Amino acid sequence: MMDEGTELSVTIAQIVQRLKGAHLHSQLEKQARECLHRPEIKLESLKEDVRNFLRVSGTQDWVYSFMCVCVVCSLPPPGHPAAPPEHTKEPLAYMRKAQASWEKRILKSLNSMCTELGVPLARKRPIPEQKELTNKWNEMGTDEPDLSKFRPVYAPKDFLEVLISLKNPNHDCREGLTARSHWGLIQISLNVRAIPQMREAYPELSLTCCQLGIDDHAHIPPGIESFSVCVCVCVCVLVVSEQDSAAAQQYSRQGCPTGLRAQLWALILNATNEPEDIMHYEQLKAAVIHHDLLVDNLIYKDVKLTASNDDYYFVFEDFLYQVLLCFSRDTAVLEHFSYNSATPPKSYIQGKTFMSVVPFHGFSMYVAPLCFLYNEPSKLYSVFREMYVRYFFRLHSISSSPSGIVSLCLQFERLLQSHLPQLFYHLQKIGAQPLRIAFKWMVRAFSGYLSTDQLLLLWDRVLGYDSLEIVAVLAAAVFAFRAENLMEVTSLASAEAVLADLSTLKVMPLLQIFLFA
Amino acid sequence: MTGNPVDCTVKSTVALQIGDVVSDSFRPGVYITDVVFGEPVNIQEISFKNSYTAFLTVRVLRKEAGSEDGSTKWVTCVRNHCLMANPHTEEGSQDYFSIYRQQMLTQPDNVTTVRLIQRQPSSVWLNFNIEEIKIYPLVHEDSERDVPSWLSTITPVEEPLDLNGLPDPDEVSSSIQQMWALTEIMQSSQTSASIGRFDVDGSYDINLLSYT
C-alpha cells in the first residue's frame, strides 16, 4: 500500500495526462493566449495574473468539473508498480482466462459465419453503393436487405452458461464443506453488498427523501411533497446553468426532471456536442459509407429483431442504425479497453484497423432509450458512447468489477437468498433458478422490459451512483413484489409467465420498499 | 520500488499444523516462509504478490547493534497485516502489495532473515501462498522520502540560477519591456520637427525662464 502522498501525486499525474488529451486543454491554452493581450497581465507576475484571469472568467470551474469527473467516475486506481498491465485491468487470473476464451469463441463463430456465407469481414464499398447509402442515410430503416442467412453471434442465455461454468481453481467446491454454500448458479465468491450496507451507500433513495418518479405524480395533491419536487427541479435548473458536473451527478440520485434529463446526463457524462465531436461523428459516417463490415449485417438483424418490434422504440429505427454503424468503427472506444480486460476483435482492410464490438442479440436496446432524450445524431452518439464505455460494456464481459455482470448476478442471488429464502428454495426445487429469469433483464439494464419513463428513472440512479449495482437490486425487488404468485408456480415456464410483463412496474417504490421498508 | 531487490534465498514454505501433514485431511491455516540473506540488510520495502493469503505477519531476525559475538534477536515488524478485507471473498486475493519501512513497528536494520507468517482462516480456498517476494534495501540518498524513483520525474524541482553578481533576469526583462514599449511609442509618433537644444537665445543659463 502506497502512502497517501504518493497516491495523490500519481492521481494528479493521471488527471493531468487526461486533461492534456481533452478538448478542454486546447480551450484553456486559447484562453490563456488571448488574455496575454490584456493590460492587467504583467510579465513579472505572468503566472499569477493568468491564473487570476482564468479564475475570474470562470474557466477554472471547467477545470474543477473536469477533475471531478475524472476522480469520481471511472479513473482506474493506480496499480502497484510491479503489477503487469493486464493485472491492473483484471486482478484475477482465471477471470482473464475465461474472458479470453469467451472472446475466442465469439471470434471463431464470426469467422465461421464469414466462410459459410461467403461474406468478407470487411470490404470497400463500390462507388455507386456509396452514393446510394449517402442518399439513404436518414432512412436506412426502409431498406430490406436479405438478412435471413445471418444469425446473432450469441444471445444472453449463451453468456449465462459461460458465467455459470466460471470456477476459481483454488475454490473448494466439495459439497457441504464450503463456508458459503452456493445454492445459486454463480460459483464465484465476490464481495457483494448486503442490504444494511446498501442502505448506507444509497441514503438518497430512502423513504424520507423526495424522489422524482414518486413524488411528482399528477394525482398527488399540493402539499409538502410537491414543494420538495419544486425545490428539486429548481436545483436542477441551477446545476444545468452552472454546468456543474459533480452536482449534476449528486442530484441525479433523486431522479432528473424530465425536461432537464438530457442536459443533466450530458453534463454527468461530459458528453459535449462541440464542433470537434460533430466532426468526429462525420468522420465515422464517412467510414461507414466507404467500408462495409460483416458486423453491420448483425446490427441490422439485431435492430429488426428487437427495437423494431418494440412498441416504444420502433420509431427510432433509423437513429439506431446511424449510431450503431458508426459505433462499430470508432477506434476511440478502444482506449477504454485499457481498463477492461476484454480485447475487441479487430479486422483489417489494406492495413487499416476496424474495431468491432460484436453485438449480441439485444445490443441495440442500449441505444434505444437514449433516442427519447437526444434527437441530434452526433449528440446521441456522444452520449451513447460514454454510457457504453462507462457502464454497458461491463454487462457483457467477464470481470471481477463490482459493476460487472458476475457481481450483479451474485448480488441478485444473495439478496434473494437472504431476504426471500423460501421463495428461492421453492424456485430452485421446481427447476426455475431465479437467475435464469432475471439474467436477461440485467444484461440489458432492463431496457425493453420496463416502460421507458421508468427505465430512464432507473438509469438516472445508475449515473448518479456511477454503478450498475442498482440493477441487481431492482431484479431482486421485482421477485419480492411478485413473490406470492411465484410461490404458487410449479414450473420454469409458469415462473417466466408470472414475470413476463414488467411494463406496469414502478421502479422507485419497488426499490424503496426492498431497501428501506 | 527503490533500486534493485536484494539477492536472497526464499526457503520452501512450512505449514504449521498439529499432526502429520501428509496423512491428515485438514488443511493448515498458517504457513511460514523464511527469506535468508547472505549478509545483513537494512530493509526499505518488501513487495510480493498475494495468492489468497488473508493476513500477514512479518518477523525479522536482527543482528544486535554493538554486539561483538553477533547475537541475534527476532522482532515483529508487522502484525496481522490485512491483505484480504473479507477472507471468504476474492477482493485482494491476487493483488500486488508492498510493505514499507515506515509501516513497520521496529526498524528493520541489520536483518539476516525475514519470516513471513501467512494466515488464511477461511476454509473456502484450497491453497494460499505469497509469491514473487522481493526485498529492497535502504538507499541512503533517498532515505528522507519514500517516493519511488519513477515518480520523481513527475514533480521536478526547479534549481535556482547561479547569477554570479548579475541582476535577476526577470527584473531586467520586465524593465526592458517598458523601455521597449516607450521606443515603440516614439517610433510610431515621429514628427518632422527637429528636437532642438533647449537654449534660450544661445544661452543655457537657466536664471531666465521663458514662456514661449
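Okay, let's start on the surface of chain A, where Leu36(A), Leu43(A) and Leu46(A) make a nonpolar patch of about 230 Å². Before I go on: what you're looking at is a predicted model. Back to the patch. Take Leu46(A), which sits in helix H3, residues 46–56 of chain A. Is Leu46(A) buried or exposed? Somewhere in between: its relative accessible area is 33%, so we call Leu46(A) partly exposed.

Next, salt bridges. How many does a search of the whole structure find? The count is 17, over all chains. I'll walk you through a few of them.

Here's one: the side chains of Arg123(A) and Asp292(A) form a salt bridge, at 3.1 Å from N to O. These two come from distant parts of the chain, 169 residues apart. Arg123(A) belongs to strand S1, residues 122–124, and Asp292(A) belongs to strand S2, residues 291–293, both in chain A. Now look at how covered they are. Arg123(A) has 27% relative accessibility, so it goes down as partly exposed. Asp292(A) has 14%, and because buried means under 20%, Asp292(A) counts as buried.

Moving on to Asp460(A) and Arg261(A): their side chains meet in a salt bridge too, this time at 2.8 Å, N to O. Again the pair links distant parts of the chain, and here the separation is 199 residues. Asp460(A) is in helix H20, residues 452–465, while Arg261(A) is in helix H12, residues 261–269, of chain A. Both Asp460(A) and Arg261(A) are buried.

One more pair for you. Arg329(A) and Asp296(A) have their side chains in a salt bridge at 2.6 Å, N to O. Arg329(A) is in the loop between H15 and strand S3 (346–349), and Asp296(A) is in helix H14, residues 294–305, so this salt bridge ties together parts of chain A that are 33 residues apart in sequence. As for cover, Arg329(A) is buried, and so is Asp296(A). And which residues are joined into one network by salt bridges that share partners? They are Arg123(A), Arg125(A), Glu129(A) and Asp292(A). You'll recognise Arg123(A) and Asp292(A) from the 3.1 Å salt bridge a minute ago.

I mentioned H15 just now, so let's see how that helix sits against another one. In general, two packed helices are described by the angle between their axes and the distance between the axes. Here the helices are H15, residues 317–327, and H16, residues 377–390, both in chain A. Their axes come within 10 Å and cross at roughly 55°. Why do we call H15(A) and H16(A) oblique to each other? Well, angles under 35 degrees count as roughly parallel and 65 to 115 as roughly perpendicular, so roughly 55° falls between those two ranges. That's why H15(A) and H16(A) are oblique. The crossing is right-handed, by the way.

Now some backbone. Most residues other than glycine have a negative phi. Ala445(A) is not a glycine, yet it has a positive phi of about 50°. Where is Ala445(A)? In the loop between H19 and H20 of chain A. Its relative accessibility is 0%, so Ala445(A) counts as buried.

In that loop between helix H19 (434–443) and H20 of chain A you also find Phe446(A). Phe446(A) is at 0% relative accessibility, so that residue counts as buried. If you compare its position with Lys304(A), 142 residues apart along the chain, the C-alpha atoms are separated by 19 Å.

Another spot to click on is Gly431(A), in the loop between helix H18 (421–429) and H19 of chain A. At 45% relative accessibility, Gly431(A) is partly exposed. Gly431(A) and Leu492(A) are 61 residues apart in sequence, but C-alpha to C-alpha they're 6.2 Å apart in space.

Last stop, chain B. It has one helix and nine strands, and along the sequence the pattern goes β-β-β-β-β-β-β-β-β-α. Chain B has 212 residues, and 33% of them count as buried. There's a positive phi here as well: Asn110(B), which is not a glycine, has one of about 55°. You'll find Asn110(B) in the loop between strand S7 (96–100) and strand S8 (111–119) of chain B. Asn110(B) has a relative accessible area of 33%, so it's partly exposed.

That's it from me. Thanks, everyone!

Notes: Residues are numbered from 1 along each chain as its sequence is written. Chains are lettered from A and ligands numbered from 1 in the order in which they are written. This is a predicted model: local features need pLDDT of at least 70, side-chain atom pairs count only at pLDDT 80 or more; totals for chains, interfaces and linings use all residues. Side-chain values use heavy atoms; hydrogens and water are left out. Patches are made of residues with over 30% relative accessible area and no salt bridge: like charges are joined within 9 Å, nonpolar side chains (Val, Leu, Ile, Met, Phe, Trp, Tyr) within 5 Å. Accessible areas come from the Shrake-Rupley method with a 1.4 Å probe; for residues, only the protein chains shown count as cover. A salt bridge is a side-chain nitrogen of Lys or Arg within 4 Å of a carboxyl oxygen of Asp or Glu. Helices (H or I, at least four residues) and strands (E, at least two) are DSSP runs, numbered from the N terminus. Buried means under 20% relative accessible area, exposed over 50%, partly exposed in between (1.4 Å probe, protein chains only). Axes are lines fitted to C-alpha atoms, for helices over the stretch in contact, and angles run from 0 to 180 degrees between N-to-C directions. Angles under 35 degrees count as roughly parallel, over 145 as roughly antiparallel, 65 to 115 as roughly perpendicular and the rest as oblique. A crossing is left-handed if the near helix is turned anticlockwise from the far one by less than a right angle, and right-handed if clockwise.
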